[in-house]
Amino acid sequence: MYAFNYHRPSTVQEALLLLKSAEDGKLMAGGQTLIPTLKQRLAQPSDVIDLGRIKELVGITEDGDAVVVGGMTTHGAVATSPLVEARIPGLAALAHLIGDPQVRHRGTIGGSLANNDPSSDYPGAVLALDATIVTDRRKIAADDFFEGMFDTALEEDELITSVRFPVPAKSAYRKFPNPASRYAMAGAMVAVTVGGVRVAITGAGPCGYRWTEAEQALEGGLDPAAIDGLTVAADDLNSDIHASAAYRANLVKVMTKRAVEALA
Amino acid sequence: MSEVSFKVNGSAVTVDVEPRTLLVDALRQNLGLTGTHVGCDTSQCGCCVIHMDGTSVKACTMLAVQAEGSAITTIEGLAQGDELHPMQAAFRDHHGLQCGFCTPGMIMSAVDLLQHNPKPTEREIREWLEGNLCRCTGYHNIVKAIQAAAGSAVSSPMAAE
């Protein structure tokens, strides 16, 4: 790991000021991606600004018809939150499938979304549940947030303070995990929301996306067979040592059908 | 260099480390607590699992400076004098180790499981151990040891031994 200056702010304001004054600063949430990246010398920030002691960013609350998850809330906290389990059990179940218990104890929702790893799980929930990403300066709709591989609508100096999930009628996530890393080789989250059925795919393409053909196919009812007739083009999907694009295209259908089966 | 103060196994310590020093290196090199192992160094194998403020974490994926003010327990902090912690005793009784390299992480992870879930099912034990790799035992005896430590009936293995 290259050397860096370390800062531990206690407020969002302080964190943003530190980031602004650093030559090449990097915000660190749970560190479960950043620290391995630094260890491999794939990044060389001048300053690491640790968000781990900012209390205002941690916690899960209910606000009207939504569950609001603070940006520095860990996957473990989401997975075991009685509030999330009661209001959006599909979200708790998704968080429970991220990494392993120790990674879930450190990794955070804000860090995961800001990093936007193509094989991360949370984009499925954010897109399917039509969540809103709340930052220090604005609110970003889920459909506008994910822009590409490791690329989001966030500005360089923008910080996720919370994620607001409207409570759906029901939702379910199914993924095919990489057997070693547990990252999603393809994952599908299907939700029945006030705006209709939403289907979000993660792990398969450069970033999470909505599968609108599947949404239309499910408008007539939550029947897994409705997915059978759809074709998933492999052209824009990821191909690596774990799976070819064609294999991922098939997984997209299989995982979506399993998620629909879980809801039916 | 940064001064970092925290508690390890009940004792207050201060270490002088660079910000880039990993917590596992501070434990092993600055404090001589070599029971916490470094296996894969890529957050996957779980040999470095410790407890920070009562929760299991991977010490190879944390900076030492992040531990400021926290209470850490390592494998060295479990036994009371000569008396093994019940989880350690169960691993010995059920032959839950061969080479022993993964064992400190396995035990720290297993102790945390029982804190969350005092009576886990066999499936819950196996799922909890997703972040701990053992290349010797095939896991069966580790699972049996954890069942025994939880006071549960020790099941026959799910697969052939």
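## Helices H3 and H5 of chain B

In this predicted model, helix H3 of chain B passes helix H5 of chain B in a right-handed crossing. The contact is made on the H3(B) side by B:Met106, B:Ala110, B:Leu113 and B:Leu114, and on the H5(B) side by B:Ile142, B:Ile146 and B:Ala149. Sorted by character, the residues of this contact are seven nonpolar, no polar and no charged.

Two packed helices are described by the angle between their axes and the distance between the axes. For H3(B), which spans residues 103–116, and H5(B), which spans residues 140–149, the angle is about 40° and the axes lie 11 Å apart. The two helices are therefore oblique to each other.

## Helices H2 and H5 of chain B

Helix H2 of chain B, residues 86–93, also packs with H5(B), here at an angle of about 135° and with the axes 8 Å apart. An angle of this size makes H2(B) oblique to H5(B), and the crossing of the two helices is right-handed.

From H2(B), the residues B:Pro86, B:Met87, B:Ala90 and B:Phe91 take part, and they meet B:Ile142, B:Ala145, B:Ile146, B:Ala148 and B:Ala149 of H5(B). The residues of this contact divide into nine nonpolar, no polar and no charged. On the H5(B) side, B:Ile142, B:Ile146 and B:Ala149 thus appear both in the contact with H3(B) and in the contact with H2(B).

## Helix H1 of chain B

Helix H1 of chain B covers residues 23–30, and its buried residues are B:Leu23, B:Val24, B:Ala26 and B:Leu27. When the helix is viewed down its axis, these buried residues fall within an arc of 165°, so they line one face of H1(B). They pack against four strands of chain B, namely E1 (2–8), E2 (11–17), E3 (49–52) and E5 (71–73).

After H1(B) comes B:Gly32, whose phi is positive, near 70°.

## Helix H1 of chain A

In chain A, helix H1 runs over residues 12–21, and its buried residues are A:Val12, A:Ala15, A:Leu16 and A:Leu19. Seen down the axis of H1(A), these residues fall within an arc of 95°, so they too line one face of their helix. The cover over the buried residues of H1(A) includes three strands of chain A, E2 (25–28), E3 (47–50) and E10 (160–166).

The face of H1(A) that is turned away from the buried side carries A:Gln13, A:Leu17 and A:Ser21, which are exposed.

## Two loop residues with positive phi

Most residues other than glycine have a negative phi. In chain A, however, A:Arg182 has a positive phi, near 70°, and this residue is found in the loop between strand E11 (170–177) and strand E12 (184–193). With a relative accessible area of 23%, A:Arg182 is partly exposed.

In chain B, B:Asp41 likewise has a positive phi, near 65°, and its place is in the loop between H1 and E3 of that chain. At 35% relative accessibility, B:Asp41 counts as partly exposed.

## A residue of helix H12 in chain A

A:Val254 belongs to helix H12 of chain A, which spans residues 245–263, and at 26% relative accessibility A:Val254 counts as partly exposed. The C-alpha atom of A:Val254 is separated by 9.4 Å from that of A:Pro224, although the two residues are 30 residues apart along the chain.

Key. Residues are numbered from 1 along each chain as its sequence is written. Chains are lettered from A and ligands numbered from 1 in the order in which they are written. This is a predicted model: local features need pLDDT of at least 70, side-chain atom pairs count only at pLDDT 80 or more; totals for chains, interfaces and linings use all residues. Side-chain values use heavy atoms; hydrogens and water are left out. Axes are lines fitted to C-alpha atoms, for helices over the stretch in contact, and angles run from 0 to 180 degrees between N-to-C directions. Angles under 35 degrees count as roughly parallel, over 145 as roughly antiparallel, 65 to 115 as roughly perpendicular and the rest as oblique. A crossing is left-handed if the near helix is turned anticlockwise from the far one by less than a right angle, and right-handed if clockwise. Contact means heavy atoms within 4.5 Å. Ala, Val, Leu, Ile, Met, Phe, Trp, Tyr, Cys and Pro count as nonpolar, Asp, Glu, Lys and Arg as charged, and the others, Gly among them, as polar. Buried means under 20% relative accessible area, exposed over 50%, partly exposed in between (1.4 Å probe, protein chains only). The arc is that of the directions from the helix axis to the C-beta atoms.
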